[in-house]
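Subject: Structure handover

Hello,

Please find the structure below, followed by notes on what turned up in it.

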Amino acid sequence: MQVIKAIVLLAVLSCSPFTYAKDAGHHWQSTPHHLSALVGTTYTKDHGNAFTLGIDYEYRVSDFLGVGVVAEYAYEDLDAYTYLLVADLHITHNFIAQIGPGVEFHGSHKMEVVRLGFLYEFEASGFTLSPQLHYDYHRNHKSAVVAGLAIGVSF
């Protein structure tokens, strides 16, 4: 159900005023630094949905590649901290695939995690708005789906 909500959100936002002309410069051309805050939900089979907050920093290396870090906290019964080193692959001007390894802490339990995610970034006046959908793979544990909306700024 969360996946369907994320797809509907992406469809609605693709018709928003945040879209811009193809010839407009991308924020990374004036500065390579981008910071965003995520509000969303994390879904696991064992714990259901958990309200999630996160922060993402990206350093843009080229038109195609950005590198960065992600930190997220899933509240409620899940009570999990996730930290990732990611590569942001800018497939198009707006469409980005995010992949990278990390670690997740569940109370005193520590586990490895690998993220594969997609986001669509809208830009207006130096700010970005991006609906996101991520799959976090945990070896020997239940994997998770993170869906949310991030608001960012270049600096």
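Among contacts in the protein between residues at least 6 apart in sequence, what percentage join residues at least 24 apart? The figure is 44%. Please keep in mind that this is a predicted model.

Overall make-up

The protein has nine strands and one helix. Along the sequence the order is α-β-β-β-β-β-β-β-β-β, with the helix ahead of the strands. There are 155 residues in the protein, and 42% of them count as buried. The accessible surface amounts to about 8400 Å², and carbon and sulfur atoms account for 66% of that area.

Cavities

The count is two cavities of 30 Å³ or more.

The largest cavity holds about 120 Å³ of space. Its lining is made of 14 residues, and those nearest the centre are H34, S36, D56, L119 and E121. By class, eight of the lining residues are polar, four are charged and two are nonpolar. At least two lining residues come from each of β1, β2 (48-60), β4 (80-90), β5 (95-106) and β8 (127-137). The biggest contribution, three residues, is from β8.

The second largest cavity has about 60 Å³ of space. Two or more residues of its lining come from each of β1, β2 and β3 (65-74). The full lining consists of S36, A37, L38, G54, I55, D56, V70, E72, Q98, R115, Q132 and A150. These divide into five nonpolar, four polar and three charged residues. S36 and D56 appear in this list, and both are also among the residues nearest the centre of the largest cavity.

Two buried residues in strands

T42 sits in strand β1, which runs over residues 33-44. The relative accessible area of T42 is 6%, under the 20% limit, so T42 counts as buried. Its side chain makes a polar contact of 2.6 Å with the side chain of T52. Leaving aside residues up to four places away in sequence, T42 touches G48, N49, A50, T52, A74, L78, A144, V145 and V146. T52 is thus named twice for T42, once as a polar partner and once in the list of residues touched.

R60 belongs to strand β2. R60 is buried because its relative accessibility is 6%, and the class takes in values under 20%. The side chain of R60 reaches the backbone oxygen of D63 at a distance of 2.6 Å. R60 and H34 are 26 residues apart along the chain, while their C-alpha atoms are separated by 7.9 Å. H34 is also one of the residues nearest the centre of the largest cavity.

Positive phi in the loop between β3 and β4

Two residues may deserve a look when you check the backbone. E76 is in the loop between β3 and β4, and its phi is positive, near 60°, in a residue other than glycine. E76 counts as exposed because its relative accessibility of 51% is over 50%.

D79 is found in the loop between β3 and β4 as well. D79 is not a glycine, yet its phi is positive at about 45°. Its relative accessibility is 34%, between the limits of 20% and 50%, so D79 is partly exposed.

Regards

Note on methods. Residues are numbered from 1 along each chain as its sequence is written. This is a predicted model: local features need pLDDT of at least 70, side-chain atom pairs count only at pLDDT 80 or more; totals for chains, interfaces and linings use all residues. Side-chain values use heavy atoms; hydrogens and water are left out. Helices (H or I, at least four residues) and strands (E, at least two) are DSSP runs, numbered from the N terminus. Buried means under 20% relative accessible area, exposed over 50%, partly exposed in between (1.4 Å probe, protein chains only). A polar contact is a pair of N or O atoms within 3.5 Å; within protein, one must be able to donate a hydrogen and the other to accept it, and residues adjacent in sequence count only if both atoms are side-chain atoms. Contact means heavy atoms within 4.5 Å. On a 1 Å grid over the protein atoms alone, a cavity is a set of points where a 1.4 Å probe fits but cannot get out, and a pocket is an open set with protein on both sides within 12 Å along at least five of seven lines; lining residues have an atom within 4 Å of a point. Grid points are joined across faces, edges and corners, and a volume is the space filled by probe spheres set on the points. Ala, Val, Leu, Ile, Met, Phe, Trp, Tyr, Cys and Pro count as nonpolar, Asp, Glu, Lys and Arg as charged, and the others, Gly among them, as polar. Accessible areas come from the Shrake-Rupley method with a 1.4 Å probe; for residues, only the protein chains shown count as cover.
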